[in-house]
Amino acid sequence: MPPKSRKTAIKEALADLPKDDFEAFCHALRDRPGEPKVPYNKVEGKSFLVIADVLVAAFTEARAIEVTAELLEEICCEGHAVMLRDKTSGRSSQASSSNSAAAGGNTAVRGRSAEADFVDEHRTALVDRVNSVAPILDDLLAEGVVSQAINDEILDITNSRPQMRKLYSALNAAGCEGKEVFYKSLQKHEKYLIKDLLNNH
């Protein structure tokens, strides 16, 4: 199968992202170190079609693919990054998986962890059932996963469900490492809930 055009591939990759992951991608693009900088008003509230245009305009088509893939990896969407590179290079996903297996000893996506997978897979249950939001936030704040401003915003919310939804937005921006810290905090403060979810998986 011939490679797709770079801009088309970027649009498809962004269109496939869940809403929270797309928001995390936009934040990562806005906060990306190095030049060129992408202004806040070019990113905030924009559709995936506009963001794809912004990426190509800012980085040129030649660099936009790799920048997009790097940002996808940063927000823990490595699978999307692999598929994006495959689409634009003409390589099959099977070949890419074989290369990953040869390099890493298994077919798991590079950089992904069981803890981050658990946090993503059980999002709905955790949003509904976690009650110990404040002590979990203390752990995340101490590890630098959330800022003091985000911590205060979440604590200003009175109900645990919207608190957890807001927390998940911050976790998506923090990426895999942030989700791993969150998982460890859940084990400490919500150990029976975690045990129940693991047993019923």
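T60 is partly exposed, because its relative accessibility is 44%. This is a predicted model. A search of the whole structure turns up one disulfide, and one of its partners, C76, shares with T60 the feature of a positive phi without being a glycine.

**Backbone at T60 and C76**
- T60 belongs to helix α3 and has a phi of about 70 degrees, a positive value although the residue is not a glycine.
- C76 has a positive phi of about 75 degrees, and C76 is not a glycine either.
- C76 sits in the loop between α3 and α4.
- With a relative accessible area of 5%, C76 is buried.

**The disulfide**
- C76 and C176 are joined by a disulfide, with an S to S distance of 1.8 Å.
- C76 is in the loop between α3 (48–74) and α4 (78–89), while C176 is in helix α11 (residues 176–189), so the bonded pair ties together parts 100 residues apart in sequence.
- The torsion about the S-S bond of C76 and C176 is about 85 degrees, and the disulfide is therefore right-handed.
- Both partners, C76 and C176, are buried.

**Other cysteines**
- C77 has its closest cysteine sulfur in C76, at 7.1 Å from its own sulfur, which is too far for a bond because a disulfide requires sulfur atoms within 2.5 Å.
- C77 is buried, its relative accessible area being 5%.
- C26 is buried as well, with a relative accessible area of 8%.

How values were computed
Residues are numbered from 1 along each chain as its sequence is written. This is a predicted model: local features need pLDDT of at least 70, side-chain atom pairs count only at pLDDT 80 or more; totals for chains, interfaces and linings use all residues. Side-chain values use heavy atoms; hydrogens and water are left out. Helices (H or I, at least four residues) and strands (E, at least two) are DSSP runs, numbered from the N terminus. Buried means under 20% relative accessible area, exposed over 50%, partly exposed in between (1.4 Å probe, protein chains only).
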